[in-house]
Amino acid sequence: MKQGATPGRVVVRLRDLHPGQLRMQAEARRFNVAMCGRRTGKTAYGADVAINAALAGKSVGWFAPTYKLLDEAWREMRATLGDIPGLRANAQQMRLELPTGGVIEGWSLEGGEDVARGRKYHLVIVDEAGLVPTLLR
């Protein structure tokens with residue numbers, strides 16, 4: 001149990017947002033595109049958005065151009081969630097199932113843009129979309 005938590009309640013500490021991330025949060029709409037330089041914190045911000053949605057019981061699809069980029073984001077989300085009782089993490093499937101009923105599924109777009117065909121998500125995040133040639137058509 002994390003410090004300050006009460007029995008039966010889990011506290012997940014997300015990072016403090018810097019001004020650029022706060023702007024992304026303040027200007028968020030149904031569809032969002034963030035075109036920023038490297039080290040702006042887009043992936044870290046996206047991970048926080050995904051975790052918040054999953055904590056609220058939502059299903060999240062996280063898409064990345066390569067398995068390497070997907071793995072980095074998945075490991076960051078897994079580490080942030082820590083040892084939540086009831087958390088099920090499957091690194092091979094890049095899937096996090098939270099006790100709230102929320103789920104985060106990770107997908108590499110190396111196999112094309114139809115990799116998650118048939119899936120239904122409340123939230124979809126495409127990390128580093130500019131690196132996916134088929135999305136630029």
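This section describes the sheet, a helix packed across it, a nonpolar surface patch and a network of salt bridges in a predicted model.

The sheet is open and consists of five strands in the order 2-3-4-1-5, with mixed pairing. Its edges are formed by strand 2 (88–90) and strand 5 (123–126); each has a single partner strand, so one side of each is left without a neighbour in the sheet. From one strand to the next, the twist averages 10°. Strand 3 (residues 95–97) and strand 4 (residues 103–108) run antiparallel and are joined by three bridges. Within this pairing, Glu 97 is placed opposite Val 103 of strand 4. Helix 2 (residues 42–55) lies across strand 1 (59–64), strand 4 and strand 5, and its direction makes an angle of about 160° with strand 1.

A nonpolar patch of about 230 Å² on the surface is made by Val 124, Val 126 and Leu 135. Leu 135 belongs to the segment after strand 5. Its relative accessibility is 42%, and Leu 135 therefore counts as partly exposed, a class that lies between the limits of 20% and 50%.

Six salt bridges were counted in the model. Arg 88, Arg 95, Glu 97, Glu 105 and Arg 119 are linked in a network of such contacts. Within strand 3, the side chains of Arg 95 and Glu 97 meet in a salt bridge with an N to O distance of 2.7 Å. Both residues are partly exposed, Glu 97 at 23% relative accessibility and Arg 95 with a relative accessible area of 22%. Arg 95 also forms a salt bridge with Glu 105, at 2.2 Å from N to O. Because Arg 95 lies in strand 3 and Glu 105 in strand 4, this pair ties together parts that are 10 residues apart in sequence.

Glu 105 counts as buried, since its relative accessibility of 7% is under the 20% limit. A further salt bridge connects Glu 105 to Arg 119, with the closest N and O atoms 3.2 Å apart. Arg 119 is located in the loop between strand 4 and strand 5, whereas Glu 105 is part of strand 4, so the pair ties together parts that are 14 residues apart in sequence. With a relative accessible area of 46%, Arg 119 is partly exposed. Glu 105 thus has salt-bridge partners in strand 3, through Arg 95, and in the loop between strand 4 and strand 5, through Arg 119.

Notes
Residues numbered from 1 in each chain as written. Predicted model: local features only at pLDDT ≥ 70, side-chain atom pairs only at ≥ 80, totals over all residues. Heavy atoms only, no water. Pairing = 2+ DSSP bridges. Helix = DSSP H or I, 4+ residues; strand = E, 2+ residues; numbered from the N terminus. Axes fitted to C-alpha atoms, helices over the stretch in contact; angles between N-to-C directions. Contact = heavy atoms within 4.5 Å. Patch = residues over 30% accessible without salt bridge, like charges linked within 9 Å, V, L, I, M, F, W, Y side chains within 5 Å. Areas by Shrake-Rupley, 256 points an atom, 1.4 Å probe, with all protein chains shown as cover. Salt bridge = Lys/Arg side-chain N within 4 Å of Asp/Glu carboxyl O. Buried < 20%, exposed > 50% of the residue type's maximum accessible area, 1.4 Å probe, protein only.
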